[in-house]
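User: I would like a close look at one part of this protein, explained for someone in the first year of study. Please begin from a single residue and work outwards.

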Amino acid sequence: MIIAIDGPAASGKGTIARALAGHHRLPHLDTGLLYRGVGAAALASGTGFDDIPALAALAAGLDLAALDEEALKAGPVGEAASRVAAVPEVRAALLKLQRDFARQPGGAVLDGRDIGTVIAPEAEVKIFVTATPEARAERRFSELLKRGEAVTFDQVLDDIRRRDARDSGRAAAPLVQAPDAITLDNTGLDRDASIARALAIVAERIGRN
Ligand SMILES: Nc1ncnc2c1ncn2[C@@H]1O[C@H](COP(=O)(O)OP(=O)(O)OP(=O)(O)O)[C@@H](O)[C@H]1O
Ligand SMILES: Nc1ccn([C@@H]2O[C@H](COP(=O)(O)O)[C@@H](O)[C@H]2O)c(=O)n1
């Protein structure tokens, strides 16, 4: 079974995807980490966001085993990830590994922006997770504060709005809800209620818990 979880920044996709993967004993891939890996590599090497061949080479050479999730979740990397993710050559370089992950025997859970539309349009279950920009900014703000980052709520909200606009407005695999995806708006739901709703959606789709 392939479960595709898409949605905007800090909507709780990863939280839901990890819970579903644990419940259904499926492997999970946070595809945002791939773009964050390329974005971080571009920042570290001083590669310009307009240097398409160099960005594509960074994506093609991405070492999955070396991805440091903790470091990649830092504030500036999200913006860099969104910049490189708008480059079709970068997306093309990361396509096969995501598709192979989705199509492994037994299935998988993937979360990102284009899982239900581009990576695994054949997924049995598609959930589009969303919440208001303010609710998402609140969540990301408290996460960053806990990590010791010096940010303001307004900076986080600005970052989320800018990334939403770029991710939805780009030509290559934009953030868009698949027509057969179920919407899960968790604006008023806490973490556990949001996960419970996602589990119920999957159960309804596949006819078992
Ligand atoms: N329903 C919820 N209510 C409150 N906080 C939540 C909820 N779901 C997730 N969170 C918290 O919000 C933050 C963002 O969640 P998460 O990382 O799952 O989102 P995401 O959509 O995967 O983010 P990203 O943009 O990094 O892909 C985390 O700190 C998480 O613990
Ligand atoms: N399937 C995906 C996943 C991510 N992106 C881009 O990466 C940025 C960071 O992703 P997070 O989920 O970790 O926030 C995001 O803003 C997207 O630009 C993508 O394009 N496709």
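Leaving aside its neighbours within four places in sequence, which residues is Ile3 in contact with? Please then describe the core and the ligand surroundings.

Analyst: The model is predicted. Once neighbours within four places in sequence are set aside, Ile3 is in contact with Leu20, Val109, Ala123, Val125 and Val202.

Ile3 belongs to the largest nonpolar core, which has 29 residues. Within that core, Ile3, Ile5, Leu110, Ile127 and Ala198 touch the most other members. Several elements give two or more residues to this core: the strands are S1 (2-6), S3 (108-112) and S4 (125-130), and the helices are H1 (13-24), H7 (115-119) and H10 (191-206). Another core, of 21 residues, lies apart from this one and includes Val38, Leu55, Ala59 and Val84. A general tendency may be kept in mind here: in soluble globular proteins, nonpolar side chains tend to be buried together.

Between S1 and H1 there is a loop that holds Gly7 and also Ser11. Gly7 counts as buried because it has 27 C-beta neighbours inside 10 Å, and 20 or more are required for that label. Ser11 is likewise buried, because 29 other C-beta atoms lie within 10 Å. Not counting residues up to four places away in sequence, Gly7 touches Lys13, Phe128, Val129 and Thr130. With the same exclusion, Ser11 touches Val129, Thr130, Ala131 and Arg136. In UniProt, an unreviewed entry places the feature "binding site" at Gly7, Pro8, Ala9, Ala10, Ser11, Gly12, Lys13, Gly14 and Thr15.

The surroundings of ligand 1 come next. Around ligand 1 there are 17 residues, of which Gly12, Lys13, Gly14, Thr15 and Arg139 come nearest. H1, helix H8 (133-146) and H10 each supply at least two residues of this shell. By class, the shell around ligand 1 consists of three nonpolar, eight polar and six charged residues.

Helix H8 deserves a description of its own. Its 14 residues, at 1.5 Å a residue, should span 20 Å, and the end C-alpha atoms are 20 Å apart, so the two values agree. The buried residues in H8 are Arg136, Ala137, Arg139, Arg140 and Phe141. These buried residues of H8 pack against H9. An α-helix has 3.6 residues a turn, so residues three or four places apart point the same way. Just after H8, Gly148 takes a positive phi of about 85°.

Ligand 2 has a shell of 14 residues, and Gly32, Tyr35, Ser82, Ala85 and Gly112 come nearest to it. The elements that give two or more residues to this shell are helix H2 (32-45), helix H5 (75-85) and helix H9 (153-169). H5 gives the most, with four residues. The shell around ligand 2 divides into four nonpolar, five polar and five charged residues.

Finally, the chain may be viewed over a longer stretch. UniProt lists residues 3-200 for "domain: Cytidylate kinase", again in an unreviewed entry. Over residues 3-200 the chain is 56% helix and 11% strand. The end C-alpha atoms of this stretch are 13 Å apart.

How values were computed: Residues numbered from 1 in each chain as written. Chains lettered and ligands numbered in written order. Predicted model: local features only at pLDDT ≥ 70, side-chain atom pairs only at ≥ 80, totals over all residues. Core = buried A, V, L, I, M, F, W, Y, C linked by C-beta atoms within 7 Å. Buried ≥ 20, exposed ≤ 12 C-beta atoms within 10 Å, placed from the backbone. Contact = placed C-beta atoms within 7 Å. Near = placed C-beta within 6 Å. Nonpolar A, V, L, I, M, F, W, Y, C, P; charged D, E, K, R; others polar. Expected span 1.5 Å × (residues − 1). UniProt positions renumbered as here; feature names shortened; annotations may be inferred.
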